[in-house]
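The following paragraphs lead through one structure, from its surface to its largest pocket. Please keep the sequence and the coordinates at hand while reading.

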Amino acid sequence: MTVTLPVRPDGKISMPLLDDVQAAGLTPMQLAASIKEKLKKYIADPRVTVVVTAMNSQRIYVLGEVTHTGSMALLPHMTVLQALSSAGFTQFANLKGIYLLRTENGQQTKIRFNYKDVVKGKDTEQNIQLKPGDTIVVP
């Protein structure tokens with residue numbers, strides 16, 4: 001039996017024979033061991049391999065004058081510029097007034113991002129790496 005399963009928002013997967021199995025918080029090896037143990041009720045010597053095919057749990061948000069608003073998967077080492085390239089701009093976007101909202105230790109900070117400067121190679125330190133939960137606002 002081979003199945004490809006997404007992890008639900010509640011951190012579980014639904015498997016034939018086993019119903020709901022907790023997956024969040026476990027490594028692939030730990031999840032495989034858990035599934036193997038549960039399958040022993042139905043299969044004499046189950047062989048279980050867990051492979052992560054996609055990571056979609058970490059998200060960022062883009063809103064304002066962009067063509068694709070809403071959440072998007074946070075890819076490893078994704079920067080503000082990379083996220084904006086996926087979101088696209090409307091004709092009304094204020095490219096000099098973009099900012100990032102980030103919450104750390106319960107405090108929200110506003111980080112300015114001047115798109116025009118960054119694409120010209122100026123002030124490239126503004127093009128920071130994104131963290132889960134970051135919100136990019138394009139006025």
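A residue counts as exposed when its relative accessible area is over 50%, as buried when that area is under 20%, and as partly exposed in between. By this cut-off E37 is exposed, because its relative accessible area is 51%. The model under discussion is a predicted one, and the classes just defined are used throughout the account below.

E37 also introduces the salt bridges. Its partner is K40, and the closest N and O atoms of the pair are 3.6 Å apart. K40 has a relative accessibility of 44% and therefore counts as partly exposed. A search of the whole structure returns 6 salt bridges, of which further examples follow.

One of them joins the side chains of D20 and R8, with an N to O distance of 2.9 Å. D20 belongs to strand β2 and R8 to the segment before β1, so this pair ties together parts that are 12 residues apart in sequence. Both partners fall into the intermediate accessibility class: D20 is partly exposed because its relative accessibility is 42%, and R8 is partly exposed because its relative accessible area is 27%. The pair does not stand alone, for R8, D10 and D20 are linked in a network of salt bridges.

Another salt bridge brings together the side chains of R47 and D45, at 3.3 Å from N to O. Here the two partners fall into separate classes. R47 has a relative accessible area of 73% and is therefore exposed, whereas D45 counts as partly exposed because its relative accessibility is 46%.

Attention may now turn from charged side chains to nonpolar ones. Which residues form a nonpolar patch on the surface? The patch consists of M1, V3, L5, L17, Y42 and I43, and together they have about 560 Å² of accessible area. Membership of such a patch requires over 30% relative accessible area and no salt bridge. V3 satisfies the accessibility condition, because its relative accessibility is 39%, a value that makes it partly exposed. In the chain, V3 is found in the segment before β1, the strand that spans residues 12-15.

L17, another member of the patch, occupies the loop between β1 and β2, the latter strand covering residues 19-22. Its relative accessibility is 46%, so L17 likewise counts as partly exposed. The backbone of L17 also deserves attention: phi is near 75°, a positive value in a residue other than glycine. D19 shows a positive phi as well, of about 60°, although D19 is not a glycine. D19 lies in strand β2, and its relative accessibility of 57% is the reason why D19 counts as exposed.

L17 can also be related to helix α1, in which K38 has its place. The C-alpha atoms of K38 and L17 are separated by 9.2 Å, although the two residues are 21 residues apart along the chain. K38 is partly exposed, because its relative accessible area is 37%. A second pair of this kind is formed by T103 and T135: they are 32 residues apart along the chain, and 9.3 Å separates their C-alpha atoms. T103 is part of strand β5, which comprises residues 98-104. With a relative accessible area of 54%, T103 is therefore exposed.

The last topic is the empty space beside the protein atoms. Rolling a probe the size of a water molecule over the atoms shows where empty space is left. How much space lies in the largest pocket? The value is about 1,100 Å³. The lining of this pocket is made up of 35 residues, and those closest to the pocket centre are L5, V7, L31, V50 and V51. L5 thus appears here as well as in the nonpolar surface patch.

The secondary structure elements can be assigned to this lining in turn. β1 and α1, the helix of residues 28-39, each supply at least two lining residues. The largest share comes from α1, with 4 residues. In chemical character, the lining divides into 24 nonpolar, 9 polar and 2 charged residues.

Notes: Residues are numbered from 1 along each chain as its sequence is written. This is a predicted model: local features need pLDDT of at least 70, side-chain atom pairs count only at pLDDT 80 or more; totals for chains, interfaces and linings use all residues. Side-chain values use heavy atoms; hydrogens and water are left out. Patches are made of residues with over 30% relative accessible area and no salt bridge: like charges are joined within 9 Å, nonpolar side chains (Val, Leu, Ile, Met, Phe, Trp, Tyr) within 5 Å. Accessible areas come from the Shrake-Rupley method with a 1.4 Å probe; for residues, only the protein chains shown count as cover. A salt bridge is a side-chain nitrogen of Lys or Arg within 4 Å of a carboxyl oxygen of Asp or Glu. Buried means under 20% relative accessible area, exposed over 50%, partly exposed in between (1.4 Å probe, protein chains only). On a 1 Å grid over the protein atoms alone, a cavity is a set of points where a 1.4 Å probe fits but cannot get out, and a pocket is an open set with protein on both sides within 12 Å along at least five of seven lines; lining residues have an atom within 4 Å of a point. Grid points are joined across faces, edges and corners, and a volume is the space filled by probe spheres set on the points. Ala, Val, Leu, Ile, Met, Phe, Trp, Tyr, Cys and Pro count as nonpolar, Asp, Glu, Lys and Arg as charged, and the others, Gly among them, as polar.
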